[in-house]
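User: I have a model open and would like to talk it through with you. Could you take me through the main features?

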Amino acid sequence: MSELLSDTGRKTMLEPLCAAGWNLNADRDAISKTYQFADFTEAFAFMTRAALWAEKWNHHPEWTNVYKTVHVTLSTHDVGGLSALDAKLARKLDQLVT
């Protein structure tokens with residue numbers, strides 16, 4: 001079972017993600033990032049790769065796709081905010097792009 005990130009966990013897990021382009025949401029305990037791809041096919045391929053990891057870890061992102069742009073928001077609904085699962089999935093998503 002996941003739990004909310006502690007203050008220490010937030011510092012150690014979220015600071016590197018923010019440096020990599022993730023943003024803390026002002027209106028809720030979540031992080032977001034927008035990815036840009038060359039075209040729709042690349043964006044959809046990224047979402048497909050991401051979906052496999054999300055399903056494997058049973059942790060699913062909120063996301064939207066418009067043409068070559070994918071906007072992702074991560075928050076653990078079961079705990080009402082950010083957990084280590086969000087940081088883990090954010091790191092994986094960044095790896096899938098490179």
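Analyst: We can go through the sheet, its pairings, the aromatic pairs and the largest pocket in turn. Please keep in mind that this is a predicted model.

User: What is the strand order of the open sheet, and how do the strands pair?

Analyst: The sheet is open and has 4 strands, arranged in the order 1-2-4-3 with antiparallel pairing. The edge strands are strand 1, residues 23-24, and strand 3, residues 62-66, each of which pairs on one side only.

User: What packs on the sheet?

Analyst: Helix 2, made up of residues 40-57, packs on the sheet and touches strand 2 (31-36), strand 3 and strand 4. The direction of helix 2 makes about 160° with that of strand 3.

User: OK, let's go pair by pair. How many bridges join strand 1 to strand 2?

Analyst: Strand 1 and strand 2 run antiparallel and are joined by 2 bridges, with Leu 24 standing opposite Ile 31 in strand 2. The connection between these two strands is a hairpin that passes through 6 residues.

User: And how many join strand 2 to strand 4?

Analyst: There are 6 bridges between strand 2 and strand 4, which again run antiparallel. On the strand 4 side, Lys 33 has Val 72 as its bridge partner, while Gln 36 has Thr 69.

User: Which residues of strand 4 do Trp 63, Thr 64 and Val 66 face?

Analyst: Trp 63 has Val 72 as its bridge partner, Thr 64 is partnered by His 71, and Val 66 stands opposite Thr 69. Strand 3 and strand 4, the latter covering residues 69-74, pair in the antiparallel sense over 5 bridges. Val 72 is thus a bridge partner of both Lys 33 and Trp 63.

User: What about the turn there, which residue has a positive phi?

Analyst: That is Tyr 67, which takes a positive phi near 50° in the hairpin of strand 3 and strand 4, where 2 residues lie between the strands.

User: Changing topic: how many aromatic pairs does the structure hold?

Analyst: The structure holds 6 aromatic pairs. One of them is formed by Tyr 35 and Phe 46, whose ring centres are 4.9 Å apart and whose planes stand at 45°, so the pair is tilted.

User: Which parts does that pair tie together?

Analyst: Tyr 35 lies in strand 2 and Phe 46 in helix 2, so the pair ties together parts that are 11 residues apart in sequence.

User: Last thing, what is the volume of the largest pocket, and which residues are closest to its centre?

Analyst: The largest pocket has a volume of about 160 Å³. It is lined by 10 residues, of which Asn 58, His 59, Thr 76, His 77 and Asp 78 are the closest to its centre.

User: How does that lining divide by residue type?

Analyst: The lining comprises 7 polar residues, 2 nonpolar ones and 1 charged.

Notes:
Residues numbered from 1 in each chain as written. Predicted model: local features only at pLDDT ≥ 70, side-chain atom pairs only at ≥ 80, totals over all residues. Heavy atoms only, no water. 1 Å grid on protein atoms, 1.4 Å probe; cavity = no way out; pocket = protein on both sides within 12 Å on 5 of 7 lines; lining within 4 Å. Points joined across faces, edges and corners; volume = space filled by probe spheres on them. Nonpolar A, V, L, I, M, F, W, Y, C, P; charged D, E, K, R; others polar. Pairing = 2+ DSSP bridges. Contact = heavy atoms within 4.5 Å. Axes fitted to C-alpha atoms, helices over the stretch in contact; angles between N-to-C directions. Phe/Tyr/Trp six-rings, centres within 6.5 Å; stacked < 30°, edge-to-face > 60°.
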